[in-house]
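This report concerns one protein structure and is to be read beside the sequence and coordinates. Please consult both as the sections proceed.

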Amino acid sequence: MKILVTGGAGFIGSNLCETLLNQGHQVRCLDNFATGKIENLLPLLEQYPNHFELTVGDIRNSEDCRKAVEGIEYVLHEAALGSVPRSIKDPSTTNDVNINGFLNMLIASRDAGIKRFIFAASSSTYGDSQALPKKEEVIGRPLSPYAITKYVDELYADVFARTYGIEFIGLRYFNVFGRRQDPFGAYAAVIPLFVKKLMAHESPVINGDGEYSRDFTYIDNVIQMNILAMTTQNPAAINQIYNTAFGERTTLNQLVGNLKEFLCEFDPEIAHIEIQHGPNRAGDIPHSLACIDKAKTLLGYVPRYSMRDGLKEAVKWYWENI
């Protein structure tokens, strides 16, 4: 298949590119390297010179989007500005990339007659809903500019399906982690940030009392969901939104305990690091836990990696690569 991965130089995007190339597909990556890294792609460009194409461009530029979808059958749209704190600091740029850029990609995909548009949605869409586990049909009010943008994307996709006949599947990612997730950026996610701190024998700072919980989801489960979304032939599965998670809740205190346990296999001194606590972070929801029944029923999703299994793999990768 001929597949476009937007944001393909990023954490999730580069892992998707690698898997798709390993499966024998033709892959084009569109990225402007605002958050993605060329280092994530260099091995793929070298290993798959006839199957992998890099297009440097910005989804905020409609002409870049139009060129990127030429000859493409499927779009995996990963390009976005993530991070709740970033969106609170700079809501305008988050809106421009995540909504205007998304709309540009939808229009380009519609005009090119692509077969299906799969996109990265977000668990932040559940907002202030107190219900656990989170079910796709029950959401609350958004708690950040980032959450607003990701929900608007879902609405746009639905309107394009009903108005223009485009096929879509949206994947609400729950706290994805794994190899290549950058621990050094200003908005680094919690797991790579904590690993980096512990490896340096420094205490990570837990926001609040550490009892906030998340459905941490290993990258290979996310790749599995993208491929299922792209290849499903079940008519009932199309034009739907799915939770993309493992379906298990882990507190931040438990997370740090697991990280120390796995890192101690490489450096026993990490066991003695005292953990610091800070204030709760603005825009954070207390608990997040996905119901994955819809994905299991309609897509045949059975996640392969538990949180602990994935964390063990991720810690090994960080130890060997940072």
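The sections below treat helix packing, a pocket and two features of the backbone.

## Basis of the report

The structure is a predicted model. Residue numbers run from 1 along each chain as its sequence is written.

## Helices α1 and α8

Helix α1 spans residues 11-22 and helix α8 spans residues 219-231; their axes come within 10 Å of each other and cross at roughly 60 degrees. The two helices are therefore oblique to each other. The crossing, in which α1 passes α8, is right-handed.

From α1, the residues in the contact are F11, I12, N15, L16, T19 and L20, and from α8 they are I219, V222, I223, N226, I227 and M230. Divided by class, this contact of α1 with α8 holds 9 nonpolar and 3 polar residues, and no charged residues.

## Helix α7 with α11

Helix α7 covers residues 190-199, and helix α11 covers residues 307-321. Their axes come within 11 Å and cross at roughly 55 degrees, and that angle makes α7 oblique to α11. The passage of α7 across α11 is right-handed.

On the α7 side, the contact is made by I191, P192, V195 and M199, while α11 contributes L311, Y318 and W319. The contact of α7 with α11 has 7 nonpolar residues, with no polar and no charged residues.

## Helix α7 with α9

The axis of α7 also comes within 11 Å of that of helix α9, which is formed by residues 252-263, and the crossing is at roughly 50 degrees. Helices α7 and α9 are therefore oblique to each other, and their crossing is right-handed.

In this contact, V190, I191, F194, V195, L198 and M199 of α7 meet L252, L255, V256, L259, K260 and L263 of α9. By class, the contact of α7 with α9 comprises 11 nonpolar residues, no polar residues and 1 charged residue. I191, V195 and M199 of α7 take part in the contact with α11 and also in the contact with α9.

## The second largest pocket

The second largest pocket encloses about 160 Å³ of space. Its lining consists of E136, E137, Y151, E154, L155, D158, F168, R172, N239, Q240, I241 and K294. By class, the lining residues of this pocket are 4 nonpolar, 2 polar and 6 charged.

Three elements, namely α6 (145-164), β6 (168-173) and β11 (240-244), each supply at least two residues of the lining of the second largest pocket. Helix α6 gives the most to this lining, with 4 residues.

## Backbone features in two loops

The peptide bond that leads from L132 to P133 is cis, and its omega is near -5 degrees. P133 is located in the loop between β5 (116-122) and α6. Helix α6, which follows β5 and this loop, is also the element that gives the most to the lining of the second largest pocket.

A second backbone feature occurs at F33, which has a positive phi of about 60 degrees although it is not a glycine. F33 lies in the loop between β2 (26-31) and α2 (42-47).

Notes. This is a predicted model: local features need pLDDT of at least 70, side-chain atom pairs count only at pLDDT 80 or more; totals for chains, interfaces and linings use all residues. Side-chain values use heavy atoms; hydrogens and water are left out. Axes are lines fitted to C-alpha atoms, for helices over the stretch in contact, and angles run from 0 to 180 degrees between N-to-C directions. Angles under 35 degrees count as roughly parallel, over 145 as roughly antiparallel, 65 to 115 as roughly perpendicular and the rest as oblique. A crossing is left-handed if the near helix is turned anticlockwise from the far one by less than a right angle, and right-handed if clockwise. Contact means heavy atoms within 4.5 Å. Ala, Val, Leu, Ile, Met, Phe, Trp, Tyr, Cys and Pro count as nonpolar, Asp, Glu, Lys and Arg as charged, and the others, Gly among them, as polar. On a 1 Å grid over the protein atoms alone, a cavity is a set of points where a 1.4 Å probe fits but cannot get out, and a pocket is an open set with protein on both sides within 12 Å along at least five of seven lines; lining residues have an atom within 4 Å of a point. Grid points are joined across faces, edges and corners, and a volume is the space filled by probe spheres set on the points.
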